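Q: I would like a close look at a single part of this model, followed outward into the packing and the ring contacts found elsewhere in the chain. Please take it step by step.

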Amino acid sequence: MSTTEPDALLGPADIRELAAKLGVRPTKQRGQNFVIDANTVRRIVRTAEVRPDDVVVEVGPGLGSLTLALLEAADRVVAVEIDDVLAAALPATVQARMPGRADRFSLVHSDAMLVTELPGPPPTALVANLPYNVAVPVLLTMLERFPTIERTLVMVQAEVADRLAARPGNKVYGVPSVKANWYADVKRAGSIGRTVFWPAPNVDSGLVSLVRRTEPIMTTASRAEVFAVVDAAFAQRRKTLRAALAGWAGSAPAAEAALVAAGISPKTRGEALTVEEFAAIAENKPAVDEQAADPSSEGKPGADEPAGNRSHGNKSTGSGE
């Protein structure tokens, strides 16, 4: 770890002074809540187990609170910032407060969802205070596009943290839980109070640790094929899988056949399955000619699913739930 001045990190007065100078007011549209407590950002870096040889990518650095703490500990930091004003100001903040490390900092002025490459060596870690409104899609996109990221620690809304780290059978287990688990072993890594933010949010925050799987899920199905099953299963989560997967398979009987072939009861619901079981279902998707066998049953509730029990649920287009 490099040596830095004791006051290199930003405190509450520094944050407000910097924001006033830039004419910045945190916006709800971008889910901005700036961390104003130096002890909190150092705790995040410790929890993330950032090493001196790490290349860390940070999404949504804001005014630079966490950025500076990461620069204390890592070899390099690449920050991705969408806001024009914040992106323009951050390099100067790093230069002013940590001049000895400024050459190890890079800024990418972009929407994280659009970033396909990063400057410098491949990232080994992702550490970020993610904007609440895009936390799950940004996290999953970064894990997909940058497979060299071994360790991730993100601060998100407590409810999102619970969903990401949920296990099968938990009432909040869903699309984010399964998709995050495709890439990594996921666990809750702590809670963050509201008072360390400016402005203070009206929700609590949580830390989520994701350690990349050393071996990918053993399946012949592609990620997209597995995720398609996951999306279908939770789009109407109160339905049995036989009914929920009818559209995906082409008909309810075809869905049942795929489930039986995967060794899963057609009466099971998606919230009970592991990512490996979703992969097994994807592997057994009926061929197109099989789907046409019973077109009259497509979209209809199964025999074990009365029409009155149909629930539209939260439809997912891929990343969130």
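Is H3 largely enclosed by the rest of the structure or largely open, and how many of its residues are buried?

A: In this predicted model, 9 of the 9 residues of H3 are buried, so the helix is largely enclosed by the rest of the structure. The buried residues of H3 are Ser 65, Leu 66, Thr 67, Leu 68, Ala 69, Leu 70, Leu 71, Glu 72 and Ala 73, a list that takes in the charged Glu 72 along with the leucines. As background for the chain that surrounds this helix, there are 13 helices and 9 strands, and buried residues make up 53% of the 321 residues. Among contacts with a separation of 6 or more, 73% are between residues 24 or more positions apart.

One of the neighbours of H3 is helix H2. Two packed helices are described by the angle between their axes and the distance between the axes. For H2 (residues 38-47) and H3 (residues 65-73), the axes come within 9 Å and cross at roughly 50°, which makes H2 oblique to H3. The crossing in which H2 passes H3 is right-handed. On the H2 side the contact is made by Val 41, Arg 42, Ile 44 and Val 45, and on the H3 side by Ser 65, Leu 66, Ala 69, Leu 70, Glu 72 and Ala 73. Sorted by class, this contact holds 7 nonpolar, 1 polar and 2 charged residues. The H3 residues named in that contact are also found among the buried residues of the helix.

Beyond the end of H2, the loop that leads to strand E2 (55-59) contains Glu 49. Most residues other than glycine have a negative phi, and most peptide bonds are trans. Glu 49 has a positive phi, near 55°, although it is a residue other than glycine. Glu 49 is exposed, because its relative accessible area of 55% is over the 50% cut-off. A further backbone feature lies elsewhere in the chain, where a cis peptide bond with omega of about -10° joins Trp 198 and Pro 199. Pro 199 is in the loop between strand E8 (197-198) and E9.

A second helix pair can be set beside that of H2 and H3. The axes of helix H5 (residues 135-145) and H7 come within 10 Å and cross at roughly 20°, which makes H5 roughly parallel to H7. This crossing is left-handed, whereas that of H2 with H3 is right-handed. Val 136, Leu 140, Leu 143 and Glu 144 of H5 meet Pro 176, Lys 179, Ala 180 and Tyr 183 of H7. The residues of this contact divide into 6 nonpolar, no polar and 2 charged.

Tyr 183, part of the H7 side of that contact, leads on to the aromatic rings. A search of the whole structure finds 5 aromatic pairs. One of them is formed by Tyr 173 and Phe 234, whose rings are 6.2 Å apart centre to centre with 70° between the planes, an edge-to-face arrangement. This pair links distant parts of the chain, since Tyr 173 is in the loop between helix H6 (158-165) and helix H7 (175-183), while Phe 234 is in helix H8 (residues 223-235), 61 residues apart. Tyr 173 counts as buried because its relative accessibility is 3%, and Phe 234 likewise counts as buried because its value is 2%. Another pair, Tyr 183 with Phe 227, is also edge-to-face, with 6.3 Å centre to centre and 85° between the planes. Tyr 183 lies in helix H7 and Phe 227 in helix H8, so this pair ties together parts that are 44 residues apart in sequence. Both Tyr 183 and Phe 227 are buried. Tyr 173 and Phe 234 also belong, with Phe 278, to one aromatic cluster.

The loop between strand E9 (205-212) and H8 holds Met 218. In contrast to the buried rings of Tyr 183 and Phe 227, Met 218 counts as exposed because its relative accessibility is 76%. The C-alpha atoms of Met 218 and Glu 276 are separated by 7.7 Å, although the two residues are 58 residues apart along the chain. To return to the part first asked about, H3 is largely enclosed by the rest of the structure, and H2 is oblique to it.

Terms used
Residues numbered from 1 in each chain as written. Predicted model: local features only at pLDDT ≥ 70, side-chain atom pairs only at ≥ 80, totals over all residues. Heavy atoms only, no water. Axes fitted to C-alpha atoms, helices over the stretch in contact; angles between N-to-C directions. Helix = DSSP H or I, 4+ residues; strand = E, 2+ residues; numbered from the N terminus. Parallel < 35°, antiparallel > 145°, perpendicular 65-115°, else oblique. Left-handed = near helix turned anticlockwise from the far one by under 90°. Contact = heavy atoms within 4.5 Å. Phe/Tyr/Trp six-rings, centres within 6.5 Å; stacked < 30°, edge-to-face > 60°. Buried < 20%, exposed > 50% of the residue type's maximum accessible area, 1.4 Å probe, protein only.
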